[in-house]
Amino acid sequence: MIREIVVYPDKRLKLISKEVTSFDGVLHDLLDDMYDTMVAKNGVGLAAIQVGVDLRVLIINIPLEGKEGVHDQPKENTLEMINPKIVEADGKKKFQEGCLSIPGVYEDIERAKHVKVVYFDREGKEHTIEDDDFLAIAMQHEMDHLEGKVFIEKLSFTKRKKFEKEWKRKLKEGKI
C-alpha cells in the first residue's frame, strides 16, 4: 500500500524515532508499504518517519541500470535496516542529495565516505554492512531521519536561509 509522504516542515520529521522491539507482521507490513511508497515516488531510500511512523526503520534500494536507461528496483534488492547504528565512519565525500520529504530540492552535502553499520533485518537477525560509495551516503541520509534531521540542516547558513525563503514561497503558491 502506498502511504502519504510527510513533507517538510512537518514537525514529525523532527521526531527521534523509537527502537523496534517487535519483529512481527506489523513491522513487515510497514516495510512492504515503505517499499511500495518509495518506488511509487521514485526514491532510492525511505525512513519510516517519512510515512509518519516514528520507528527506527529504513529501506534503501539503489536502482539497477536497465535497458535504455530504465531504472529497476526489484523488491528482493531492498536493504531493510531496523535499529541501524554506525559503528565506523571515516573520510569525507560530497554528494548531491535529494529527499522525498523535500521534493525537487537537490544540494551537495558532505558526509563520511566510508561507513560500517550494524542493523537487524525484518526477522530480527543481526547484520553488518560497510560501503564507501553511494550506499554509504544513502545510509547516512536515511539514518539522519531516525534522529529527526533532514539533509538541508547540513547546508551553510546562507544556503539554508535561501532554501527556507524559496520553500516558503513554493508552499504558499501550492507548488509542493
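These are my notebook entries on a predicted model.

**Entry 1: the sheet**

I started with the strand order. Five strands make an open sheet, ordered β1-β2-β5-β8-β9, and the pairing is antiparallel. I looked up the edges next. They are β1 (45-47) and β9 (126-131), each paired on one side only. From one strand to the next, the twist averages 35°. As a general note, strands of a sheet pair through backbone hydrogen bonds, in either a parallel or an antiparallel way.

Then I went through the pairs. β1 and β2 are joined over three bridges, in the antiparallel sense. In this pair I found Gly45 opposite Ile60 of β2. β2 and β5 are antiparallel too, over four bridges. Here Val57 stands opposite Ile82 in β5. I counted six bridges between β5 and β8, again antiparallel. Ala89 has Val115 of β8 as its bridge partner.

**Entry 2: helices on the sheet**

Which strands does α1 lie across? Helix α1, residues 25-40, lies across β1, β2 and β5. It runs at about 40° to β2. I checked α2 in the same way. Helix α2 lies across β1, β2, β5, β8 and β9. Its angle to β2 is about 155°.

**Entry 3: the largest nonpolar core**

I listed the members of the largest nonpolar core. It has 17 residues. Those touching the most other members are Leu58, Ile60, Leu79, Met81, Val117, Ile129 and Met139. Which elements give two or more residues to this core? They are β2 (57-60), β5 (79-90), β8 (114-120) and α2 (134-146). The largest share, six residues, is from α2.

There is also a second, separate core, of 15 residues. Among its members are Val20, Leu27, Met34 and Ile82.

I picked Met81 for a contact check. I left aside its neighbours within four places in sequence. Met81 is then in contact with Arg56, Val57, Leu58, Val117, Tyr119, Phe120, Ile129 and Met139.

**Entry 4: Ile59**

I turned to Ile59, which is found in strand β2. Is Ile59 buried or exposed? Its relative accessibility is 0%, so Ile59 counts as buried; the cut-off for buried is under 20%.

I pulled its contacts, not counting residues up to four places away in sequence. Ile59 touches Leu31, Met34, Tyr35, Met38, Val44, Gly45, Leu46, Thr78, Leu79, Glu80 and Glu142. I also took one C-alpha distance. Ile59 and Gly124 are 65 residues apart along the chain, and their C-alpha atoms are separated by 15 Å.

**Entry 5: His145**

I went back to helix α2, where His145 lies. His145 is buried, with a relative accessible area of 0%. What does His145 touch, not counting residues up to four places away in sequence? I found Leu13, Leu15, Ser17, Ala47, Ile49, Gln50, Cys99 and Val150.

**Entry 6: the β6-β7 hairpin**

I looked at strand β6 (residues 93-99) and strand β7 (residues 102-111). They pair in the antiparallel sense over six bridges. The hairpin joining β6 to β7 runs through two residues. One bridge pair I noted is Gln96 with Asp108 in β7.

**Entry 7: helix α3**

Helix α3 covers residues 157-172, which is 16 residues. I checked its span. From first C-alpha to last, α3 reaches 23 Å, close to the 22 Å expected at 1.5 Å a residue.

Which residues of α3 are buried? I noted Phe163, Glu164 and Trp167. Those three cover an arc of only 100° around the axis, so they sit on the same side of α3. The other side of α3 has Thr158, Lys162, Lys165 and Lys172, which are exposed. I then asked what covers the buried residues of α3, and the cover includes β7. Last, I checked the residue Gly174, just after α3. It takes a positive phi of about 75°.

Technical notes:
Residues numbered from 1 in each chain as written. Predicted model: local features only at pLDDT ≥ 70, side-chain atom pairs only at ≥ 80, totals over all residues. Heavy atoms only, no water. Core = buried A, V, L, I, M, F, W, Y, C linked by side-chain atoms within 4.5 Å. Buried < 20%, exposed > 50% of the residue type's maximum accessible area, 1.4 Å probe, protein only. Contact = heavy atoms within 4.5 Å. Pairing = 2+ DSSP bridges. Axes fitted to C-alpha atoms, helices over the stretch in contact; angles between N-to-C directions. Expected span 1.5 Å × (residues − 1). Arc of directions from axis to C-beta.
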